[in-house]
Amino acid sequence: MVRTWLLVDFTRIVDGEVVSRPLGHRPTGQLTYQADGRMSALLMRAKRPWHESHSFFQASDRDRAAAALGFTGYGGTYEVNGSIVTHHVQMSLYPDHVGTDLVRSISWVEDRLILRTTSQRTRSGRQFHDHIEWRPA
(Lines give C-alpha, C1' and ligand atoms only; values in the text may rest on other atoms or scores of the structure.)
Protein backbone atom coordinates (compact mmCIF):
# COMPACT_ATOMS: atom_id res chain seq x y z
CA MET A 1 0.00 0.00 0.00
CA VAL A 2 2.98 2.31 0.53
CA ARG A 3 3.21 4.14 -2.80
CA THR A 4 1.51 6.82 -4.86
CA TRP A 5 -1.87 6.02 -6.39
CA LEU A 6 -3.76 7.78 -9.20
CA LEU A 7 -7.52 8.26 -9.11
CA VAL A 8 -9.52 6.11 -11.52
CA ASP A 9 -13.08 6.77 -10.37
CA PHE A 10 -15.10 8.24 -7.51
CA THR A 11 -18.72 7.15 -7.20
CA ARG A 12 -21.44 7.75 -4.63
CA ILE A 13 -23.56 4.68 -3.87
CA VAL A 14 -27.02 5.21 -2.37
CA ASP A 15 -29.04 2.20 -1.28
CA GLY A 16 -26.78 -0.03 -3.39
CA GLU A 17 -26.99 2.01 -6.61
CA VAL A 18 -24.46 4.38 -8.18
CA VAL A 19 -26.27 7.72 -8.09
CA SER A 20 -23.52 10.21 -8.83
CA ARG A 21 -19.90 10.93 -9.54
CA PRO A 22 -19.14 13.84 -7.14
CA LEU A 23 -16.09 14.87 -9.19
CA GLY A 24 -17.62 14.13 -12.59
CA HIS A 25 -16.46 11.64 -15.18
CA ARG A 26 -12.71 11.08 -15.41
CA PRO A 27 -11.70 12.89 -12.21
CA THR A 28 -8.04 13.28 -11.42
CA GLY A 29 -6.29 12.69 -8.16
CA GLN A 30 -3.30 11.44 -6.27
CA LEU A 31 -3.14 9.49 -3.02
CA THR A 32 0.24 8.97 -1.37
CA TYR A 33 1.02 6.65 1.52
CA GLN A 34 4.58 7.01 2.81
CA ALA A 35 6.56 4.42 4.77
CA ASP A 36 6.90 6.88 7.68
CA GLY A 37 3.11 6.87 8.23
CA ARG A 38 2.31 10.17 6.48
CA MET A 39 -0.34 10.44 3.78
CA SER A 40 -1.90 12.99 1.47
CA ALA A 41 -4.92 12.90 -0.82
CA LEU A 42 -5.72 15.35 -3.62
CA LEU A 43 -8.84 14.84 -5.74
CA MET A 44 -10.18 17.11 -8.45
CA ARG A 45 -12.90 17.42 -11.05
CA ALA A 46 -11.07 17.17 -14.39
CA LYS A 47 -12.70 20.25 -15.91
CA ARG A 48 -13.36 22.84 -13.24
CA PRO A 49 -14.92 26.12 -14.41
CA TRP A 50 -12.36 28.86 -14.76
CA HIS A 51 -11.81 32.10 -16.62
CA GLU A 52 -8.33 31.66 -18.06
CA SER A 53 -7.81 35.40 -18.14
CA HIS A 54 -7.25 35.76 -14.40
CA SER A 55 -5.11 34.22 -11.74
CA PHE A 56 -6.66 32.58 -8.72
CA PHE A 57 -5.67 35.52 -6.52
CA GLN A 58 -7.20 38.09 -8.87
CA ALA A 59 -10.44 36.16 -9.32
CA SER A 60 -13.66 37.06 -7.56
CA ASP A 61 -14.66 35.23 -4.39
CA ARG A 62 -17.47 33.61 -6.38
CA ASP A 63 -15.06 32.22 -9.01
CA ARG A 64 -12.69 30.92 -6.34
CA ALA A 65 -15.58 29.26 -4.48
CA ALA A 66 -16.73 27.56 -7.70
CA ALA A 67 -13.19 26.26 -8.28
CA ALA A 68 -13.02 24.93 -4.72
CA LEU A 69 -16.24 22.95 -5.18
CA GLY A 70 -14.44 20.74 -7.71
CA PHE A 71 -11.46 20.02 -5.48
CA THR A 72 -10.68 18.37 -2.19
CA GLY A 73 -7.44 17.68 -0.44
CA TYR A 74 -6.17 16.64 2.94
CA GLY A 75 -3.12 15.21 4.65
CA GLY A 76 -1.88 13.79 7.90
CA THR A 77 -0.95 10.36 9.14
CA TYR A 78 -2.48 6.94 8.57
CA GLU A 79 -2.79 3.51 10.15
CA VAL A 80 -3.72 0.20 8.52
CA ASN A 81 -5.49 -2.40 10.63
CA GLY A 82 -6.44 -5.45 8.54
CA SER A 83 -8.82 -4.26 5.83
CA ILE A 84 -9.29 -0.79 7.36
CA VAL A 85 -7.19 2.33 6.82
CA THR A 86 -7.69 5.32 9.08
CA HIS A 87 -6.58 8.75 7.87
CA HIS A 88 -5.80 11.03 10.83
CA VAL A 89 -6.50 14.41 9.23
CA GLN A 90 -4.14 17.23 10.22
CA MET A 91 -4.90 19.62 7.35
CA SER A 92 -7.79 19.81 4.90
CA LEU A 93 -9.65 22.04 2.49
CA TYR A 94 -12.66 21.25 4.71
CA PRO A 95 -12.09 22.91 8.10
CA ASP A 96 -14.46 20.47 9.84
CA HIS A 97 -12.22 17.52 8.87
CA VAL A 98 -9.13 18.84 10.66
CA GLY A 99 -8.51 16.77 13.77
CA THR A 100 -10.86 13.97 12.70
CA ASP A 101 -10.31 10.42 11.51
CA LEU A 102 -11.54 9.35 8.10
CA VAL A 103 -12.05 5.58 8.09
CA ARG A 104 -11.95 3.65 4.82
CA SER A 105 -12.36 -0.06 4.14
CA ILE A 106 -9.76 -1.50 1.77
CA SER A 107 -10.34 -3.99 -1.01
CA TRP A 108 -8.41 -4.96 -4.12
CA VAL A 109 -9.36 -5.67 -7.72
CA GLU A 110 -6.18 -6.93 -9.38
CA ASP A 111 -3.66 -4.10 -8.77
CA ARG A 112 -6.37 -1.51 -8.05
CA LEU A 113 -6.91 -0.16 -4.55
CA ILE A 114 -10.57 0.36 -3.68
CA LEU A 115 -11.40 2.57 -0.70
CA ARG A 116 -14.94 2.69 0.63
CA THR A 117 -16.08 5.35 3.05
CA THR A 118 -18.08 4.56 6.16
CA SER A 119 -21.80 4.28 5.42
CA GLN A 120 -23.92 7.25 6.42
CA ARG A 121 -27.56 8.22 6.22
CA THR A 122 -28.94 10.99 4.05
CA ARG A 123 -31.40 13.48 5.54
CA SER A 124 -34.17 11.38 3.98
CA GLY A 125 -32.87 8.23 5.70
CA ARG A 126 -31.24 6.53 2.72
CA GLN A 127 -27.90 4.73 3.21
CA PHE A 128 -24.86 5.95 1.23
CA HIS A 129 -21.11 5.56 0.91
CA ASP A 130 -18.39 6.56 -1.54
CA HIS A 131 -16.41 4.08 -3.63
CA ILE A 132 -13.00 5.44 -4.65
CA GLU A 133 -10.83 3.47 -7.06
CA TRP A 134 -7.06 4.02 -7.43
CA ARG A 135 -4.38 2.55 -9.71
CA PRO A 136 -0.64 2.48 -9.10
CA ALA A 137 1.18 5.59 -10.35
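Here are some notes on this structure, point by point, for someone opening it afresh.

1. Ground rules. This is a predicted model, where local features need pLDDT of at least 70, side-chain atom pairs count only at pLDDT 80 or more, and totals for chains, interfaces and linings use all residues. Residues are numbered from 1 along each chain as its sequence is written, and side-chain values use heavy atoms, with hydrogens and water left out.

2. Start with strand 4 (38–44). Helices (H or I, at least four residues) and strands (E, at least two) are DSSP runs, numbered from the N terminus. Side chains in a regular strand alternate between the two faces of the sheet. Strand 4 does just this: Met39, Ala41 and Leu43 point to one face and are buried, whereas Arg38, Ser40, Leu42 and Met44 point to the other and are not. Buried here means under 20% relative accessible area, exposed means over 50%, and partly exposed is in between (1.4 Å probe, protein chains only).

3. Now look at what flanks strand 4. Two strands pair if DSSP finds at least two bridges between them. Strand 3 (residues 28–33) pairs with strand 4 in the antiparallel sense over six bridges, and strand 4 pairs with strand 5 over seven bridges, also antiparallel. Leu42 is a handy marker: it stands opposite Gln30 and opposite Gly73 in strand 5. The hairpin of strand 3 and strand 4 has four residues between the strands, and Gly37 in the turn has a positive phi of about 90°.

4. Strand 7 is worth a look too. With strand 6 it pairs in the antiparallel sense over five bridges, and His88 has Asp101 in strand 7 as its bridge partner. With strand 8, strand 7 pairs over six bridges, again antiparallel, and there Trp108 stands opposite Leu113. Strand 7 and strand 8 form a hairpin with two residues between them, and Glu110 in the turn has a positive phi of about 55°.

5. What sits in the middle of the largest nonpolar core? A nonpolar core is a set of buried Ala, Val, Leu, Ile, Met, Phe, Trp, Tyr and Cys residues joined through side-chain atoms within 4.5 Å. This one has 19 residues, and those touching the most other members are Leu31, Tyr33, Met39, Leu43, Leu113, Leu115 and Trp134. Strands 1, 3, 4, 5, 6, 7, 8 and 10 each supply at least two residues of this core. For a close-up, pick Leu113: leaving aside neighbours within four places in sequence, its contacts (heavy atoms within 4.5 Å) include Trp5, Leu31, Tyr33, Ile106 and Trp134.

6. Then there's the largest pocket, with a volume of about 640 Å³. Of its 29 lining residues, Phe10, Tyr94, His97, Arg104 and Asp130 are the closest to its centre. On a 1 Å grid over the protein atoms alone, a pocket is an open set of points where a 1.4 Å probe fits, with protein on both sides within 12 Å along at least five of seven lines; lining residues have an atom within 4 Å of a point. Grid points are joined across faces, edges and corners, and the volume is the space filled by probe spheres set on the points. The lining has 18 nonpolar, six polar and five charged residues. Here Ala, Val, Leu, Ile, Met, Phe, Trp, Tyr, Cys and Pro count as nonpolar, Asp, Glu, Lys and Arg as charged, and the others, Gly among them, as polar.

7. Two of those central pocket residues share a loop. Tyr94 is in the loop between strand 6 and strand 7, and so is His97. Tyr94 is partly exposed at 34% relative accessible area, and His97 is partly exposed at 22%. Not counting residues up to four places away in sequence, Tyr94 is in contact with Phe71 and Thr72, while His97 touches Val89, Ser92 and Leu102.

8. Finally, two backbone spots to check. Asp15, in the loop between strand 1 and strand 2, has phi near 50°, a positive value in a residue other than glycine. Arg26, in the loop between strand 2 and strand 3, has a positive phi as well, near 55°. Which of the exposure classes does Arg26 fall in? Arg26 is exposed, at 75% relative accessible area, and Asp15 is partly exposed, at 45%.
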